[in-house]
Structure formats: C-alpha cells, structure tokens
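Visitor: I am in my first year and would like to look closely at a single part of this structure. Could you take me through one place where two helices meet, step by step?

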Amino acid sequence: MKKHIVLLPGDGIGPEIMESAKAVLNTVANEHNHEFIFHEHAIGGDAIDRYNHPLPEETIHACEAADAVLLGAVGGKKWDSNPGHLRPEKGLLGIRKALGLFANLRPIKGFNSLLHASPLKEDIITGSDILIIRELTGGLYFGTPSERRENGNVVVDTLYYERHEIERIIDKAFQSAMQRKKQLTSVDKANVLESSRMWREIVDEKASVYPEVKVEHLLVDAAAMKLITQPNHFDVIVTENLFGDILSDEASVLTGSLGMLPSASVRTDGVGLYEPVHGSAPDIAGKGIANPFGMILSAAMMLRHSFGLEQEAVEIERAVNETLEQGYHTADLQLKDGKLASTKKITDAVIENLTTKSISNSICNTYV
C-alpha cells in the first residue's frame, strides 16, 4: 500500500513527537511492505513566524491532496498577545473547517500500568472504555456574529447549527455505537437552549433507524458529574462542539495519563486528521523528554480509520502497551517502579517491540 501523509509538526514539542510517529510508521511500512510518503508543512505558531498566517494556503492544499494528516500540537505563550486572527489555534480550527472534518473521535481507555495515577479510585476507573464523539465544525466556535459592541461593553457569540450538520454527527455516533456495545449517550442542554432541543429531536428521529442501540439523553452538567462518579456507565457519548470540547478534556484526565491519548478528526469520506490530545508544552520543548505515546497512538488511529490497516494499528497499540509494561515512561507519567526514559528511548522501545512481535499477556488497548 502506498499512501501520502502530510505532517504538521506545529509548535512546542510537536516536532519531537512527530519524529517518533514517523519512525514508528516507517517501521510498520518496512514490516508490512507499505510505502508511506511524508510531506511536512507549517501550521500554528510556526506558520505565523514563517508566513505571518496560522494556516497558509499551501498547507491547506497539501492536506486536501493527502491520504491523511498527522498533527503534533499548536500554541504557546510566545503568541498569546497576538490579535485573534494571528493566534496558533486559528490554524487548527481552520484546517478542520477547510477539510470538512466534522467529527472528532476521542477514545478514553486506560492502560493498566497507569491506572494508579488516575485522580479516581482504581475500582471506579478500571474497565472504563469510552468513545466521545464531538461535533467539530459548527456551534459557538464558528457562529457569526462573534464580536464586541458598544465600545467593548457588550459581547455577542452565536451558537449556529443547520439540521444537516447535526444529522451527520448523530449518524456517525449511531454507527460507532453499532460497532461497540450498542449504547449511546447524547449530551445537550435541552432545558435551556433551543439548539439542544433541536439536537434532541434529531437523536430521537435517528434512533428509529438504529433500533438495536440503547439511547439515553443527559444534560451536560449531569454528564460531567457522571463522568467523574460512574465512568463505566458510558460507552459512546455524542455532543455538540462546546460541550464536546469540555467533556473530552475532562474525560482525558480520568486515566491519569493525558499524554497517552490520541484523537481523530474525520468526515464521511476522504482525508482524516490525527493528533494527540495534549498541548504543545513549550516549557519542555527541545529537551528530549516529551511523551510520544499519544502521537504514536494517533498514528495507529490513522492506519485504522483512514487506511483500513487494522492489524498494523493493533500491532502499534500492543507495542505501546508492552513498552509501558516493561517500565519505560516519560516524566509526565507516574509509573510505579518504572524506567524514566527520553523521547527517543521510548520510541526505540516501541519500535523494538514492533519488530520482535513479542507475545504479551497484558491487555492490548485497541482504540475504535
């Protein structure tokens, strides 16, 4: 298989962890007779510094022509004082919009060797396996007008959705639920917001198309509390952009390993964008101590969702799990009796576990 992959290293630790993902993908290509051709482009603060724009047209065109996109991280204090149109985050929002990536898939599944680091008791978090599906291109983040008025004393943000935007994300959620436990939780604020009432109506309409899926509605505040008190209650969660942003970040810390979590931003067909959920961590950039696991697992999601390479994706996930079981960890992970290692050492260990195809009795964390 021959595939063209655009790499968007971005800011902070982005370039370092991207090198790790690239090395792992080259190993997979060698092991399975694939050819992955990489094309690197600028985004975020890096693009602002080089091109005075967080998302150059060249980057958009390259991503549109690619088979998939891997993104490292964007942002940093260096650009915090920039005007809104020159903020690194505008590049991330812009590429999602430009590619029509309306669905963000964020699996929240813990590694046994890291569960002791969860802020929750192990008996509460053990066995939790959640897929949060967030609408990504509509809602409050993209609605207009969004502006200051009356000499800056009045502010207006607009929550705007069209029916088809809600229908397609709900369809994606039901399809994902069908592949898992056939359990779907829809999160809204229907007691207050008209947009949420429309959202809930569409969920109920779609439920008749997927009669095998058990559906529940939760208000967003109740869902936030239940994520903390009963994470095992959930399987697939679907919600709009703002609520999804908040809930997925909340859920990401439950396993005690923010640096381990990947994500995918996809559409009905065509190119997808894959990135770890952590930030750019500019304070440790260039020190060789960044956690590459989330980026590597994002590459595994790319193989699965964009290329249909299930076996290769599972092998990467197994290799990551074995690396953790062998005790290798970066400073952000609180691994009991572990071996503190650099970004490169972690990457080398994952690659060694990939190439040796060692057999492990540990649980393989498969992200779907």
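Guide: What follows is a walk through the meeting of two helices, with a short look at a cavity at the end. Please keep in mind that this is a predicted model, and that the helices in question are α11, which covers residues 310–325, and α12, which covers residues 343–356. The axes of α11 and α12 come within 8 Å, and they cross at roughly 120 degrees. Angles of 65 to 115 degrees count as roughly perpendicular and those over 145 as roughly antiparallel, so an angle that belongs to neither group, nor to the roughly parallel one under 35 degrees, is called oblique; α11 and α12 are therefore oblique to each other. As for handedness, α11 passes α12 in a right-handed crossing.

If you now turn to the residues themselves, α11 brings E315, I316, R318, A319, V320, E322 and T323 to the contact, where they meet I346, A349, V350, N353 and L354 of α12. Sorted by class, the residues of this contact are seven nonpolar, two polar and three charged.

For the closing look, the structure holds one cavity of 30 Å³ or more, and the largest cavity has a volume of about 70 Å³. Its lining includes L159, Y161, W199 and F243, as well as D188 and E240. Two elements, β8 (183–188) and α7 (194–207), each give two or more residues to that lining, and the largest share, three residues, comes from α7. By class, the lining of the largest cavity has six nonpolar, two polar and two charged residues.

Note on methods:
Residues numbered from 1 in each chain as written. Predicted model: local features only at pLDDT ≥ 70, side-chain atom pairs only at ≥ 80, totals over all residues. Heavy atoms only, no water. 1 Å grid on protein atoms, 1.4 Å probe; cavity = no way out; pocket = protein on both sides within 12 Å on 5 of 7 lines; lining within 4 Å. Points joined across faces, edges and corners; volume = space filled by probe spheres on them. Helix = DSSP H or I, 4+ residues; strand = E, 2+ residues; numbered from the N terminus. Nonpolar A, V, L, I, M, F, W, Y, C, P; charged D, E, K, R; others polar. Axes fitted to C-alpha atoms, helices over the stretch in contact; angles between N-to-C directions. Left-handed = near helix turned anticlockwise from the far one by under 90°. Contact = heavy atoms within 4.5 Å.
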